[in-house]
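The following exchange concerns a predicted model. Each answer sets a computed value against the criterion that applies to it.

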Amino acid sequence: MAKNTYETLFILDSNQYARDPGGVSKQIEQIITENEGNVLVSRMWMEQRLAYPIDKHQKGTYWLTYFEIEGEQLVKIERAFQLCEPILRELTLKLDPRLVEPMLANARGESFTLSNRSEEDADDSDDNSSDDANAEDDSVVSSEA
């Protein structure tokens, strides 16, 4: 079965993360790799006050992780995330294959450039749109006359 790319946003216990940031992130990566997954990017997103308390926590650390795994293993991973003590909440989304590279580049802090083929497609559509604009201009001029 083919591997899919997923994005998971965690809300972590800020106190546990502050005590051992490397340990908490390593726990997340370990859960994924033990279930035959491959972590692509994993980083802290931000830390802020929560809109409402979660298990009496007023503050949370948001952690963003991108990984590849077979869909069948996703149920096991989500159960392991629920049992992991530092994780207060998590949300996992399957990424559209067309968005994987731009999302990963953004998560790494890199700029993403389109491939040559995509740029050519964009140039072709620009040429067509300018022709359409010229045709619209002609129709406007003829209707005014």
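Q: Is the crossing of H2 and H3 left-handed or right-handed?
A: The crossing of H2 and H3 is right-handed.

Q: Why are H2 and H3 called roughly antiparallel?
A: The axes of H2 and helix H3 (residues 74-83) cross at roughly 155 degrees and come within 9 Å. Angles over 145 degrees count as roughly antiparallel, and H2 and H3 are therefore described in that way.

Q: What makes the contact of H2 with H3, and how do its residues divide into nonpolar, polar and charged?
A: H2 contributes Ile28, Ile31 and Ile32, while H3 contributes Ile77, Ala80 and Phe81. Ile, Ala and Phe count as nonpolar, and the division is accordingly 6 nonpolar, no polar and no charged.

Q: What is the order of the strands in the open sheet, and which are the edge strands?
A: The 4 strands have the order S2-S3-S1-S4, with antiparallel pairing. Strand S2 (38-54) and strand S4 (87-94) are the edge strands, since each pairs on one side only. Neighbouring strands of this sheet are turned by 20 degrees against each other on average, direction ignored.

Q: How do you know that S1 and S4 pair?
A: Pairing requires at least two bridges; 7 bridges join strand S1 (residues 3-13) to S4, and the two run antiparallel. Leucine 9 stands opposite leucine 91 in S4.

Q: Which strands does helix H2 lie across, and which does helix H4 touch?
A: Helix H2 (residues 21-34) lies across S1, S2, strand S3 (57-70) and S4, running at about 30 degrees to S3. Helix H4 (residues 100-108) packs on the sheet and touches S1, S2 and S3. The direction of H4 makes about 70 degrees with that of S2; angles of 65 to 115 degrees count as roughly perpendicular.

Methods. Residues are numbered from 1 along each chain as its sequence is written. This is a predicted model: local features need pLDDT of at least 70, side-chain atom pairs count only at pLDDT 80 or more; totals for chains, interfaces and linings use all residues. Side-chain values use heavy atoms; hydrogens and water are left out. Axes are lines fitted to C-alpha atoms, for helices over the stretch in contact, and angles run from 0 to 180 degrees between N-to-C directions. Contact means heavy atoms within 4.5 Å. Angles under 35 degrees count as roughly parallel, over 145 as roughly antiparallel, 65 to 115 as roughly perpendicular and the rest as oblique. A crossing is left-handed if the near helix is turned anticlockwise from the far one by less than a right angle, and right-handed if clockwise.
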